[in-house]
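Me: Please look closely at one part of this model, the run of paired strands and what leads into and around it. I would like a connected account, with the reasoning shown wherever a residue is called buried or exposed.

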Amino acid sequence: AEIGLREYTNDFKIGLALNSTFWEGVEGYTEAARNIFNMGVAENGCKLSHIQAEKGVYDFSQCDSHLAKAIENNMDFRGHCLIWHNYQPEWFVNLKGDDLRNAIVEHITTVLNHYRGKIDTWDVVNEAVDNDSTGENGGWEMRKSFLYNEVPDFVDLAFKTAREVDPNVKLYYNDYNNEGSPEKMGKSIAVYNFVKDMVERGVPIDGVGIQYHIKTSSYPAYEDVMDFMAKYAQLGLEVQITEMDVRCDNNTKEEFEKQAELYGVALRACLDSPNCNAFLIWGLADNLSWKVGSYPDILDDDLKPKHAYYTLLNIL
Ligand code: XIL
């Protein structure tokens, strides 16, 4: 990958989930990341689990180093994520009522103050809508997490706090199965209904992250991705594809061709939608992925471009 995708973009951002474990341990990681991408996000380093593993003890070293890595390599950086129910430290999961409410406000305030003027876009809340939501009757189901159970209005609280602390930051809601795949059309509609309701109630939000973790056996049509992006545009919202990967059943040529086509659909839909301004992939190479074994990325184990890489290159 000597000639990177980033050479073919204008203002458009094509990004990668950066991971310090890999740039420390894998030869060629930084070079490949730098050549291909013009945006980064920390795969884990900016999560509450890393910044506040211990209650009230803020350690920004991981998130700082991911941001520094991006800056060093001339990449934009997006913040991921402030409030999430999954992979959280015990102390946070076990808080009750007002203690949890206060911790949410304190975490957001402290993190946004630390990164003021340095990170301009944050996923404020991640994955708050129930994955089995059907979107029926214009509604949605909230995920019954500790966050929702203890602080039912935690989403409003998080976004309002973020806006108040730093009005210059773009505030995103980020979720999965909201790209319009047929089997998850209900969830996609539910997320849209949920976000529309926030907008109508005046909750401050600027954009929606479509994680876009899909499989070669379950994926959306170009028209449906476009349709959801257009619906968000009508609400005045930006969209970013925030965590794309495409899991394969095996590593055959057929699967990799299908995978390439699906990466292409997503990038085209984003480029064709005026409100979609970034496309990020959740891992550099098949063996450096959170889904090792499903060959989900655009480089192979030797950091060599796969079919999907060339498809993206041709589209840009
Ligand atoms: C995942 C990371 O890739 C893993 O390394 C970690 O163990 C768990 O989190 N949705 C998200 C991401 O928003 O933060 C998740 O990242 C993948 C699913």
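**The paired strands and their surroundings**

Reply: Asparagine 74 is exposed, because 10 other C-beta atoms lie within 10 Å of its own, and a count of 12 or fewer places a residue in that class. The model is a predicted one. Asparagine 74 sits in the loop that links helix H4 (61–72) to strand E3. Its phi is positive, about 60 degrees, although the residue is not a glycine. This loop therefore offers a starting point from which the strands can be followed, since it leads into E3.

Strand E3 (76–78) is separated from strand E4 (83–84) by a loop that contains cysteine 81. The peptide bond from histidine 80 to cysteine 81 is cis, and its omega is near -10 degrees.

From E3 the account passes to strand E2. The two strands run parallel and are joined by three bridges. One position in this pairing can be named: glycine 40 has phenylalanine 77 of E3 as its bridge partner. In E2 (residues 39–42), Met39 and Val41 point one way, Gly40 and Ala42 point the other way, and all are buried. In a regular strand the side chains alternate between the two faces of the sheet.

E2 also pairs with strand E1, again in the parallel sense, over four bridges. Across this pairing, leucine 16 stands opposite glycine 40, and leucine 18 stands opposite alanine 42. Glycine 40 thus appears in two pairings, with phenylalanine 77 in E3 and with leucine 16. E1 itself is mostly covered, with five of its six residues buried.

E1 (residues 13–18) has a further parallel partner in E10, to which four bridges connect it. Within this pairing, glycine 15 is bridged to leucine 280, and leucine 16 to isoleucine 281. Leucine 16 is therefore placed opposite glycine 40 in E2 while having isoleucine 281 as its bridge partner in E10.

What is the burial of strand E10? Five of the six residues of E10 (residues 276–281) are buried, so the strand is largely enclosed by the rest of the structure. E10 also pairs with strand E9 (residues 238–247), in the parallel sense and over three bridges. Isoleucine 241 has phenylalanine 279 in E10 as its bridge partner. Between E9 and E10 the chain passes through helix H11 (residues 253–272), and this β-α-β crossover is right-handed.

Some features outside these pairings complete the view. Glutamate 127, in the loop between strand E5 (121–126) and helix H7 (146–150), resembles none of the exposed positions in its burial: it counts as buried, because it has 22 C-beta neighbours inside 10 Å, and 20 or more suffice for that class. Its phi is near 60 degrees, a positive value in a residue other than glycine. Glycine 25, which belongs to helix H1 (residues 20–25), is exposed because 10 other C-beta atoms lie within 10 Å.

Helix H9 (residues 185–200) is another covered element. Its buried residues are Lys187, Ser188, Ile189, Ala190, Val191, Tyr192, Phe194 and Val195. The cover over them includes strand E6 (170–175), strand E7 (207–210) and helix H10 (222–234). At 1.5 Å a residue, the 16 residues of H9 should span 22 Å, and the end C-alpha atoms are 22 Å apart, which agrees. After H9 comes glycine 202, with a positive phi near 80 degrees.

Finally, the ligand is surrounded by Glu43, Asn44, Tyr87, Asn126, Gln211, Glu243 and Trp290. This shell divides into two nonpolar, three polar and two charged residues.

Key. Residues are numbered from 1 along each chain as its sequence is written. This is a predicted model: local features need pLDDT of at least 70, side-chain atom pairs count only at pLDDT 80 or more; totals for chains, interfaces and linings use all residues. Two strands pair if DSSP finds at least two bridges between them. A crossover is right-handed if, with the strands pointing away from the viewer, the path from the first strand over the helix to the second runs clockwise. A residue is near a molecule or strand if its C-beta atom, placed from the backbone, lies within 6 Å of it. Ala, Val, Leu, Ile, Met, Phe, Trp, Tyr, Cys and Pro count as nonpolar, Asp, Glu, Lys and Arg as charged, and the others, Gly among them, as polar. The expected span of a helix is 1.5 Å times one less than its number of residues. Two residues are in contact if their C-beta atoms, placed from the backbone, lie within 7 Å.
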